[in-house]
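Me: I have a chain to look at and would like to go through it in plain terms. Can you take my questions one at a time?

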Amino acid sequence: MKNSIIDKKYIFVTFEGFTFQPDSESDVPDIENMQVIGFSKGKDTKEAFKNLLLNQQYLKDTTFNEVIAFELASDKQDVFTIDDIRSGLNIE
């Protein structure tokens, strides 16, 4: 993948797959959510997806099929925990 100033950043996700809560003993997935497939760059979603598959070749061996791309506006991150809310922290 060549880098250029016009490359945009994308996250690729799917509704396929399952997630369990930490310490879950259930045989049945108990969280409905999306699975992160990966991150990539490109001039558009098609190029970024192609780059993702080139750089993460193991994805071709998975059973994931339908993948959704979201363009990321920035690298800014905010981290929250559910424990913060449980303890009464106001996050407004």
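**Burial and overall form**

Reply: Of the 92 residues in the chain, 17% are buried, where buried means under 20% relative accessible area, exposed over 50% and partly exposed in between (1.4 Å probe, protein chains only). This is a predicted model, in which local features need pLDDT of at least 70 and side-chain atom pairs count only at pLDDT 80 or more, while totals for chains, interfaces and linings use all residues. Residues are numbered from 1 along each chain as its sequence is written, and side-chain values use heavy atoms, with hydrogens and water left out.

Me: How many helices and strands does the chain have?

Reply: The chain has two helices and three strands. Helices (H or I, at least four residues) and strands (E, at least two) are DSSP runs, numbered from the N terminus. Along the sequence the pattern reads β-β-α-β-α.

Me: And is the chain spread out or compact?

Reply: The chain is more spread out than a compact globule, because its radius of gyration is 17 Å, well over the 12 Å that the globule rule gives for 92 residues. The radius is taken over C-alpha atoms, and the rule is 2.2 Å times the number of residues to the power 0.38. Taken along the principal axes, the C-alpha atoms fill a box of roughly 45 × 35 × 15 Å.

Me: What about the surface: how much area does the chain expose?

Reply: About 7800 Å² is exposed, and carbon and sulfur atoms supply 53% of that. The areas come from the Shrake-Rupley method with a 1.4 Å probe; for residues, only the protein chains shown count as cover.

Me: Now the rings. How many aromatic pairs are there?

Reply: The count is two aromatic pairs. Rings of Phe, Tyr and Trp (its six-membered ring) pair if their centres lie within 6.5 Å; planes under 30 degrees apart count as stacked, over 60 as edge-to-face and the rest as tilted. One of the pairs is Tyr 10 with Phe 12, which is tilted, at 6.4 Å centre to centre and 45° between the planes. The rings of Phe 12 and Phe 49 also form a tilted pair, with centres 5.6 Å apart and planes at 45°.

Me: Which parts does that second pair tie together?

Reply: Phe 12 lies in strand β1 (residues 8-14) and Phe 49 in helix α1 (residues 45-55), so the pair links parts that are 37 residues apart in sequence. Ring pairs join Tyr 10, Phe 12 and Phe 49 into a cluster.

Me: Are those three buried or exposed?

Reply: Tyr 10 is buried, at 4% relative accessibility, and so is Phe 12, at 2%. Phe 49 counts as partly exposed, because its relative accessibility is 30%.

Me: Where is Tyr 10, and what does it touch?

Reply: Tyr 10 is in strand β1. Leaving out residues up to four places away in sequence, Tyr 10 touches several residues, among them Gly 38, Phe 39, Ala 48, Phe 70 and Leu 72. Contact means heavy atoms within 4.5 Å. From Tyr 10 to Gly 38 is 28 residues in sequence and 8.5 Å in space, C-alpha to C-alpha.

Me: Different spot: where is Val 67?

Reply: Val 67 sits in the loop between α1 and β3 (68-72). Its relative accessibility is 27%, so Val 67 counts as partly exposed. Apart from residues up to four places away in sequence, Val 67 touches Phe 12, Val 13, Ile 37 and Phe 49. The C-alpha atoms of Val 67 and Val 13 are separated by 5.6 Å, although the two residues are 54 apart along the chain.

Me: And Val 36, buried or exposed?

Reply: Val 36 is exposed, with a relative accessible area of 52%. Val 36 is in strand β2 (residues 35-42) and, neighbours within four places in sequence aside, is in contact with Ile 11, Phe 12 and Val 13.

Me: Last one: where is Asn 90?

Reply: Asn 90 is in the segment after α2 (82-86). Asn 90 is exposed, with a relative accessible area of 56%. The C-alpha atoms of Asn 90 and Gly 38 are separated by 32 Å, with their places 52 residues apart along the chain.
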